[in-house]
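The exercises below are to be worked with the sequence and the model open side by side. Each one sets a task and then goes through its solution step by step.

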Amino acid sequence: MQTELTPLSCPSELDDHGKRRRTALSCMAWAGAGVLWTISGGVPRSQLISSAHAAEPTRSFSFVQISDSHIAFNQDPNTEPTGTLQEAINHVRARPQRPAFMIHTGDITHLSKPAQFDTATQIINDAGMPVHYVPGEHDVLVENGDPFFAGFADQYGKGGARHWYSFDEGGVHFIGLTNVLDLKGGGLGFLGDAQLAWLKQDLQARTSSTPIVVFAHIPLWALYPQWGWGTDDSAQALALLKRFGSVTVLNGHVHQVAQKVEGDMRFYSAMSTAFPQPAPGSAAGPGPMKVGAEQLRSMLGLRAVTHIPGREQLAIVDTSLEGARA
């Protein structure tokens with residue numbers, strides 16, 4: 001079942017001068033089975049699909065986002081994260097229309113072990129489509145993440161010196177960022193000067209009408225900095241993106257669906273395929289949230305994103321594993 005969300009009632013923010021910012025919203029929502037976000041009236045609505053404003057011809061396509069597989073996690077509430085990852089991939093395989101590719105927004109593994117990466121990629125490759133990865137902090141626990149970047153050298157290049165990349169699909173420009181290598185106080189993500197300089201250069205060749213999709217592990221917006229759910233220097237990256245008429249930012253890390261709209265930028269956090277985490281401020285801190293086996297799959301899931309030229313909205317469907325079974 002699909003449900004169209006109505007505008008959420010969220011408090012507006014104040015700027016540095018005490019004026020209300022009517023364009024900024026920060027809202028949290030738990031996703032049910034097949035919740036369709038076709039958003040307007042202040043809640044996420046994307047111009048990404050407007051062919052009239054595209055810098056180049058666009059075509060219809062869809063892609064899938066999965067996140068936080070945590071292969072080798074073996075505690076409550078999920079001692080078998082390989083099984084729930086396989087369930088998510090089975091759902092991708094069963095889709096009536098084949099997605100163009102998949103994005104994994106980090107924490108593929110729990111302890112950065114080679115065998116864990118092998119297990120994860122074997123399962124994920126069952127989907128039979130290209131996969132674009134960015135690392136989570138659990139993927140870079142050893143050797144400053146060198147094994148991760150070497151393992152995905154087709155994206156990052158040989159030698160592991162470059163920790164970011166971009167690609168194009170159907171007239172849309174995709175950017176994969178890394179913000180987990182030099183975590184700041186409280187666990188906040190960090191991009192760093194070199195990555196920001198690369199981002200500036202990467203964007204220079206794009207017209208302001210080019211639709212942009214950015215994906216990283218830790219949120220690029222201040223979802224809940226008290227728990228490290230934000231990126232220390234994200235304001236500099238977002239300033240570079242501000243001139244674009246359509247920017248969609250995807251992340252993992254928080255293991256739940258969250259959304260924010262600010263001007264032409266739309267931010268979406270995704271569910272995990274391994275375990276849920278508590279809503280911001282509802283517990284002493286972040287971490288695996290213990291739930292009953294009968295509830296677990298309703299709090300795990302994946303996301304499908306569809307781009308259709310001629311429409312002004314980006315269709316985002318978050319489906320729980322429980323909903324995928326129905």
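**Overview and conventions**

The protein has 8 helices and 16 strands, where helices (H or I, at least four residues) and strands (E, at least two) are DSSP runs numbered from the N terminus. This is a predicted model, in which local features need pLDDT of at least 70 and side-chain atom pairs count only at pLDDT 80 or more, while totals for chains, interfaces and linings use all residues. Residues are numbered from 1 along each chain as its sequence is written, and side-chain values use heavy atoms, with hydrogens and water left out.

**Exercise 1. Confidence and global totals**

Task: State the mean pLDDT of the protein, locate the residues over which pLDDT stays under 50, and give the share of residues that count as buried.

Solution. Begin with pLDDT, the predictor's confidence in each residue, from 0 to 100: its mean over the protein is 83, and 80% of the residues reach 70 or more. Next, pLDDT stays under 50 over residues 1–56, for which the model nevertheless has 145 contacts beyond four places in sequence, a contact being heavy atoms within 4.5 Å. Where pLDDT is low, the predicted coordinates should not be read in detail. Then turn to burial (buried means under 20% relative accessible area, exposed over 50%, partly exposed in between, with a 1.4 Å probe and protein chains only): of the 326 residues, 54% count as buried. Finally, among contacts between residues at least 6 apart in sequence, 74% join residues at least 24 apart.

**Exercise 2. Helix α5**

Task: Compare the expected span of helix α5 with the distance between its end C-alpha atoms, and determine how its buried residues are arranged around the axis.

Solution. The expected span of a helix is 1.5 Å times one less than its number of residues. For the 12 residues of α5 (residues 193–204) this gives 16 Å, and the end C-alpha atoms are 17 Å apart, which agrees. The buried residues of α5 are Q195, L196, W198, L199, D202 and L203. Seen down the axis, these buried residues fall within an arc of 160°, so they line one face of α5; the arc is that of the directions from the helix axis to the C-beta atoms. An α-helix has 3.6 residues a turn, so residues three or four places apart point the same way. On the other side of α5, D193, A194, Q201 and Q204 are exposed. To complete the picture, the buried residues of α5 pack against β9 (165–169), β10 (172–176), β11 (212–216) and α6 (234–241).

**Exercise 3. Helix α6**

Task: Which residues of α6 are buried, and what covers them?

Solution. The buried residues of α6 are S234, A237, L238 and L241. Down the axis of α6 they fall within an arc of 95°, so they line one face of the helix. The face turned away from this buried side carries the exposed residues A235 and A239. What covers the buried residues of α6 includes α5, β11, β12 (247–251) and β14 (265–269).

**Exercise 4. An aromatic pair and a buried glutamate**

Task: Classify the ring pair of F149 and Y156, and list the contacts of E169 beyond its neighbours within four places in sequence.

Solution. Rings of Phe, Tyr and Trp (its six-membered ring) pair if their centres lie within 6.5 Å; planes under 30 degrees apart count as stacked, over 60 as edge-to-face and the rest as tilted. A search of the whole structure finds 22 aromatic pairs. The rings of F149 and Y156 have centres 4.9 Å apart and planes at 85°, so this pair is edge-to-face; F149 and Y156 are both buried. E169, found in strand β9, is buried with a relative accessible area of 16%. Apart from those sequence neighbours, E169 is in contact with R59, F61, A100, F101 and F174.

**Exercise 5. Backbone exceptions**

Task: Which peptide bond is cis in the loop that holds P77, and is H70 buried or exposed?

Solution. Most residues other than glycine have a negative phi, and most peptide bonds are trans. The peptide bond from D76 to P77 is cis, with omega near 10°, and P77 lies in the loop between β6 (61–66) and α1. H70, also placed in the loop between β6 and α1, has a positive phi of about 50° although it is not a glycine. At 1% relative accessibility, H70 counts as buried. H253, in the loop between β12 and β13 (258–262), has phi near 80°, a positive value in a residue other than glycine, and at 10% relative accessibility H253 counts as buried.
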